[in-house]
Amino acid sequence: MHPFTHTEVSLNDVTMTLVTNLEDNITGAEFRSGKKLWSDALDHARKVLKRKDRILYAGGHIGSAAIFLAKVEPTAMIYCFEPDPVNYSLLTMNLVINQVRNVHAFPFAAGKKQGFIPFYKSDWDSSDHRCAMPRLDDADVSIFHGIPYHIPMVQPPEFLKESYRNQAPDSFDLIVTDTQGADFDILEACLPMIGPHTSVIAEYSPYHLYRHGTSKQQVERLLRLFSRAEIVNSLVEDVKPAPVTVDSLLSFYDEHCKQYSGYVDIWLTSHPGPSRK
């Protein structure tokens, strides 16, 4: 039985109540610390949000970011995907506790295809689950284990169309991904729903992308569909938030894909009519 507790959390100056897993010694412990927490990526998302925006959030964890977005723009509609069963249970509980009604939550992984996939969990950090096992020489490999069954993956545009029919969104105004390596697969899956005013905020972790099977060529092809890229948060030494070129991001992939040494969050702005062939 997992031990759970609830605590008041301040995230980017928005107060919420979160139920967390006491066995989570990293992200859960940070939520329970009582400190005022801040996310540069969420601050940037808040700045680009508009009334009645349609948002895809992949990697919803236990709901802190989705609740933040829902509270700062109550007219937005957020489609939130979280495949881990424990995280999803806490996510839905936290939506109810915080009286959030503009988040639709789904217990699925998002990706390029529909089916069932293996899933790997960290024993220490509930935000570090992923679809690809760490390498045997990875320092963290001993704390990961596969769950004893495969989890469902859905292709977001197809899934939303099947689920909502004529009420399905035609496009996303904002796409946020935080999935430990599946980010560019999800971005590719969502290309049919990227319009001239779509913004993307994505975790860019070359090590996790490489382990997930995302090649440098796939990264380049997707990045070049966008008119502008900017690093909005960095956990890499000597890399600062700033506008960045595609070539610089590709060099970053080469430098960091074989050994984990941090990640950045990038903001992508859509072309006024990108070719997605």
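This passage walks through a strand and its neighbours, two loop residues, one helix and several salt bridges in a predicted model.

A good place to begin is strand β5, which spans residues 77-81. Five of its five residues are buried, so the strand is mostly covered, given that buried means under 20% relative accessible area. In a regular strand, side chains alternate between the two faces of the sheet. In β5, Met77, Tyr79 and Phe81 lie on one side, while Ile78 and Cys80 lie on the other. Both of these faces are covered, and the five residues are all buried.

Strand β5 has partners as well. Strand β4, residues 54-58, runs parallel to β5 and is joined to it by five bridges. Within this pairing, Arg54 is found opposite Met77 of β5. To get from β4 to β5, the chain passes through helix α3 (residues 64-72), and the resulting β-α-β crossover is right-handed. Strand β6, made of residues 103-106, also pairs with β5 in the parallel sense, here over four bridges. In this case Tyr79 stands opposite His104 of β6. A right-handed β-α-β unit is again found, built from β5, helix α4 (residues 85-97) and β6.

The loops hold two residues worth a friendly second look. Lys52 is not a glycine, yet it has a positive phi of about 60 degrees. It sits in the loop that lies between α2 (40-48) and β4. Is Lys52 buried or exposed? Because its relative accessibility is 56%, Lys52 counts as exposed. Gln99, in the loop between α4 and β6, likewise has a positive phi, of about 55 degrees, although it is not a glycine. With a relative accessibility of 58%, Gln99 counts as exposed too.

Helix α9, which covers residues 246-256, shows how burial can be arranged around a helix. Its buried residues include Val246, Leu249, Leu250, Phe252, Tyr253 and His256. These residues span an arc of only 155 degrees around the axis, so they lie on the same side of α9. Which elements help to cover the buried residues of α9? Among them are strands β13 (194-204), β14 (226-234), β15 (242-244) and β16 (264-270), together with helices α7 (206-212) and α8 (216-223).

Charged side chains complete the picture, as the structure holds 13 salt bridges. One of them joins Arg130 to Asp128, with the closest N and O atoms 2.7 Å apart. Both partners are buried: Arg130 has a relative accessible area of 6%, and Asp128 has one of 12%. Another salt bridge brings together the side chains of Arg135 and Asp137, at 3.2 Å from N to O. Here Asp137 is exposed, since its relative accessible area is 53%.

A further salt bridge forms between the side chains of Glu188 and Arg221, with an N to O distance of 3.2 Å. This pair links distant parts of the chain, as Glu188 belongs to helix α6 (residues 183-189) and Arg221 to helix α8, 33 residues apart. Arg221 is partly exposed, with a relative accessible area of 40%. The pair also belongs to a network, in which salt bridges with shared partners join Lys112, Asp185, Glu188 and Arg221.

Definitions and conventions. Residues numbered from 1 in each chain as written. Predicted model: local features only at pLDDT ≥ 70, side-chain atom pairs only at ≥ 80, totals over all residues. Heavy atoms only, no water. Buried < 20%, exposed > 50% of the residue type's maximum accessible area, 1.4 Å probe, protein only. Helix = DSSP H or I, 4+ residues; strand = E, 2+ residues; numbered from the N terminus. Pairing = 2+ DSSP bridges. Right-handed = clockwise from strand over helix to strand, strands pointing away. Arc of directions from axis to C-beta. Contact = heavy atoms within 4.5 Å. Salt bridge = Lys/Arg side-chain N within 4 Å of Asp/Glu carboxyl O.
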